[in-house]
Amino acid sequence: MVQRLRFAMGAILMMVASLTAIADSTIVVHDAWVREAPPGAPVLAAYFILENSGSKADKLVAVLCTDFDKVEIHSTEIRDGVARMIALDALPVPPHATVKLAPGGHHLMLHHPRRPLAAGMNVKLELRFESGTRLTVIAPVRRAGSEPAHHH
């Protein structure tokens, strides 16, 4: 009985700690979208803007999406005039800063779609941060060239 009570109290404390991390989140997401790809394409890309209005740095460490088998955080790097994609373990989000995920820069690689996705549909992404913050983002699928205008 005492062991069950300790387990229950521990579970409650963990839930409260998780809720506090979410409530204290200073990171917001703007202008999320997924680039439409030809039917059957094995990889799509997602973009958005992360804004950290807080005084503490954080890192995007994982992204989950049930519409894809795997999601990776990438950066585009130019070496000897050739663009190369580099997989990142995490994407730093400095305090009082904005980090833009955009074509030709940081982005998400969405591997092996589990359903056909076309312009006008939505993709639900769960962003997980080193601080424990989790943000759910609804990203519309758009044709290349129809990305959103930046605004706050």
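Me: Which residue in S7 stands opposite Asn 52?
Reply: Ala 97 stands there. The model is predicted.

Me: Why are S2 and strand S7 called paired?
Reply: Two strands pair if DSSP finds at least two bridges between them. S2 and S7 (residues 97-101) have five bridges, in the antiparallel sense. So five meets the cut-off, and the strands pair.

Me: What makes S2 and strand S8 a pair?
Reply: The same rule of at least two bridges applies. S2 and S8 (residues 107-113) share four bridges, again antiparallel. One position to look at is Ala 45, which stands opposite Met 109 in S8.

Me: In which sense do S1 and S2 pair, and over how many bridges?
Reply: The sense is antiparallel, and there are seven bridges. Val 34 has Ala 46 in S2 as its bridge partner.

Me: What makes S2 a mostly covered strand?
Reply: Eight of its ten residues are buried. Buried means under 20% relative accessible area.

Me: Why is Tyr 47 called buried?
Reply: Its relative accessible area is 5%. The limit is under 20%, so Tyr 47 counts as buried.

Me: And why is Trp 33 called buried?
Reply: Trp 33 has a relative accessible area of 3%. That is under 20%, so the label holds.

Me: How many aromatic pairs does a search of the whole structure find?
Reply: One. The ring centres of Trp 33 and Tyr 47 lie 4.8 Å apart, with the planes at 40°.

Me: Why is this pair called tilted?
Reply: Rings pair if their centres lie within 6.5 Å, and 4.8 Å passes. Planes under 30 degrees apart would be stacked, and over 60 edge-to-face. The angle here is 40°, so the pair of Trp 33 and Tyr 47 is tilted.

Me: Which parts does the pair tie together?
Reply: Trp 33 is in strand S1 (residues 27-35) and Tyr 47 in strand S2 (residues 43-52), so the pair ties parts that are 14 residues apart in sequence.

Me: Where does Asp 67 lie?
Reply: Asp 67 sits in the loop between strand S3 (58-64) and strand S4 (68-79).

Me: Why does Asp 67 count as buried?
Reply: Its relative accessibility is 10%. Buried means under 20%, so this loop residue qualifies.

Me: What makes the link between Asp 67 and Arg 115 a polar contact?
Reply: The side chains are joined at 2.7 Å. The limit for N or O atoms is 3.5 Å, so the distance fits. Setting aside neighbours within four places in sequence, Asp 67 is in contact with residues including His 112, Pro 113, Asn 122 and Lys 124.

Me: Why is His 112 called partly exposed?
Reply: Its relative accessible area is 43%. Buried is under 20% and exposed is over 50%, so 43% falls in between. His 112 is found in strand S8, and its phi is near 55°, a positive value in a residue other than glycine.

Me: Why does His 96 count as exposed?
Reply: His 96 has 61% relative accessibility. Exposed means over 50%, so the label follows. His 96 is found in the loop between strand S6 (91-93) and S7. Its phi is positive too, near 50°.

Me: What does the secondary structure of the chain come to?
Reply: One helix and ten strands. Of the 152 residues, 32% count as buried.

Key
Residues are numbered from 1 along each chain as its sequence is written. This is a predicted model: local features need pLDDT of at least 70, side-chain atom pairs count only at pLDDT 80 or more; totals for chains, interfaces and linings use all residues. Side-chain values use heavy atoms; hydrogens and water are left out. Helices (H or I, at least four residues) and strands (E, at least two) are DSSP runs, numbered from the N terminus. Buried means under 20% relative accessible area, exposed over 50%, partly exposed in between (1.4 Å probe, protein chains only). A polar contact is a pair of N or O atoms within 3.5 Å; within protein, one must be able to donate a hydrogen and the other to accept it, and residues adjacent in sequence count only if both atoms are side-chain atoms. Contact means heavy atoms within 4.5 Å. Rings of Phe, Tyr and Trp (its six-membered ring) pair if their centres lie within 6.5 Å; planes under 30 degrees apart count as stacked, over 60 as edge-to-face and the rest as tilted.
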